[in-house]
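Open the model in your viewer and keep a selection panel at hand. The stops below go from helix to helix, then to the cores and two loops.

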Amino acid sequence: MKGIRPQIILFGDSITQQSFSPSGWGSALADNFSRKADILNRGYGGYNTRWALFLLHHIFPLLGLANPPVAATIFFGANDAALLGRNSERQHVPIEEYKENLRKIVLHLKRCSPTMLVVLISPPPIDEQGRMEYAQSVYGEKAMKLPERTNETTGEYANQCVSLAEELGIPSINLWSKMQENEGWQRKYLSDGLHLTSEGNAVVHKEVVQVFNQAGLSAPSMPNDFPHHSEIDPNNPEKAFTIQCT
C-alpha cells in the first residue's frame with residue numbers, strides 16, 4: 001500500500017544516539033528523507049557490540065515484521081576499543097570478539113531482509129589530549145591520569161570493521177581514516193576527543209548519503225508518501241488520494 005514510508009534504522013552507540021541533535025548527522029538524514037522514509041534512531045550511549053547483541057531481536061525481529069527496514073547503519077567500536085586497566089575498561093571488548101559481534105549483527109539483519117542495505121561505520125579517531133582535557137574539565141583533580149582510549153588502538157578496531165565489510169560484501173565507511181585526512185581534525189571534528197562536533201557530524205552525513213546513493217537509495221528519486229499539495233484538486237480532493245492509494 002502506498003503511503004507507508006520505508007524505514008531506515010541507525011543502530012549504534014552514543015554517536016548515533018546524539019545524531020538527532022540540531023546539527024546531527026541523523027537529523028540531517030531525516031531532513032533529506034522527509035516524506036520519503038522514516039529515519040529511526042536506535043543509538044544507545046555507552047553500548048559496545050557485546051551489549052548490542054541483546055537488542056537485536058527487539059529492534060530487528062525476525063518474525064512479524066511486515067515491512068522490514070530498507071537500510072540500516074551499524075556504528076559501533078568507540079566503546080569496544082576502551083582500554084583494559086583504564087577508566088572505561090568495563091566497556092572493552094577484545095578486537096576479535098568485536099569483529100565477530102559485528103558479523104552476528106549483519107547476518108541477523110540480512111536474515112530479517114536479504115535486500116536490506118547494511119552499512120558498517122567504523123569508530124571515529126580519538127584525540128587523546130582532548131579526552132584528557134574533557135575529563136579534567138568535568139572531574140578536576142579526580143580526572144583520569146591516562147586516556148581511556150588511544151587513537152592507535154581505535155584504528156585497529158576500525159580496520160576490523162572495514163575488513164569485515166569487505167568479507168561480507170557490504171559497504172562501509174572508514175570514519176577513522178576519513179577524518180584524519182584533514183589537518184586539525186582533533187578539534188575540528190571532535191568535541192571532547194571522541195564525540196562529534198557539527199562539522200564531524202557533517203562528515204558522517206556526507207559519507208552515509210554517498211553510500212546510500214551508490215546503493216540506489218537516493219532520497220530525490222524516492223516517491224513522496226502522499227500526493228504533493230499541487231496534485232490535489234480542491235474541488236475533487238479524493239481523486240488524488242484514490243490514485244495514490246490504489
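Start by selecting Gly-169, which follows helix α7 and has a positive phi, near 70°. The model is predicted, so local features need pLDDT of at least 70, side-chain atom pairs count only at pLDDT 80 or more, and totals for chains, interfaces and linings use all residues. Residues are numbered from 1 along each chain as its sequence is written, and side-chain values use heavy atoms, with hydrogens and water left out. Helices (H or I, at least four residues) and strands (E, at least two) are DSSP runs, numbered from the N terminus.

Now select α7 itself. Its 18 residues reach 26 Å from first C-alpha to last, close to the 26 Å expected at 1.5 Å a residue; the expected span is 1.5 Å times one less than the number of residues. Among its buried residues are Asn-151, Thr-153, Tyr-157, Cys-161 and Leu-164. Buried means under 20% relative accessible area, exposed over 50%, and partly exposed in between (1.4 Å probe, protein chains only).

Add helix α5 (residues 95–112), which packs on α7 (residues 151–168) at an angle of about 40°, with the axes 10 Å apart. Axes here are lines fitted to C-alpha atoms, for helices over the stretch in contact, and angles run from 0 to 180 degrees between N-to-C directions. The crossing of α5 over α7 is right-handed, meaning that the near helix is turned clockwise from the far one by less than a right angle, while anticlockwise would be left-handed. To see the contact (heavy atoms within 4.5 Å), show Ile-95, Tyr-98, Lys-99, Leu-102, Arg-103 and Val-106 of α5, and residues of α7 including Glu-156, Gln-160, Ser-163 and Leu-168. The contact residues divide into eight nonpolar, two polar and four charged. Ala, Val, Leu, Ile, Met, Phe, Trp, Tyr, Cys and Pro count as nonpolar, Asp, Glu, Lys and Arg as charged, and the others, Gly among them, as polar.

Next, select Ile-8, Trp-25, Phe-33 and Phe-212, which touch the most other members of the largest nonpolar core, a set of 28 residues. Such a core is a set of buried Ala, Val, Leu, Ile, Met, Phe, Trp, Tyr and Cys residues joined through side-chain atoms within 4.5 Å. Elements that each supply at least two residues include β1 (7–12), α2 (25–32) and α10 (198–214), and α10 gives the most, with five. A second, separate core of 26 residues includes Leu-55, Phe-76, Val-106 and Leu-120.

Stay on α10. Its end C-alpha atoms are 24 Å apart, which agrees with the 24 Å that its 17 residues should span at 1.5 Å a residue. Its buried residues include Gly-200, His-205, Glu-207 and Phe-212. Gly-216 follows α10, with a positive phi near 90°.

Move to Tyr-47, in the loop between β2 (38–43) and α3 (49–52). Is Tyr-47 buried or partly exposed? Its relative accessible area is 27%, so Tyr-47 is partly exposed. Beyond neighbours within four places in sequence, Tyr-47 is in contact with Asp-13, Ala-52, Leu-55, Phe-76 and Asn-79.

Finish at Gln-18, in the loop between α1 (14–17) and α2. Gln-18 has 41% relative accessibility and therefore counts as partly exposed. Measuring C-alpha to C-alpha in the viewer, look for Lys-188 at 17 Å from Gln-18, 170 residues apart in sequence.
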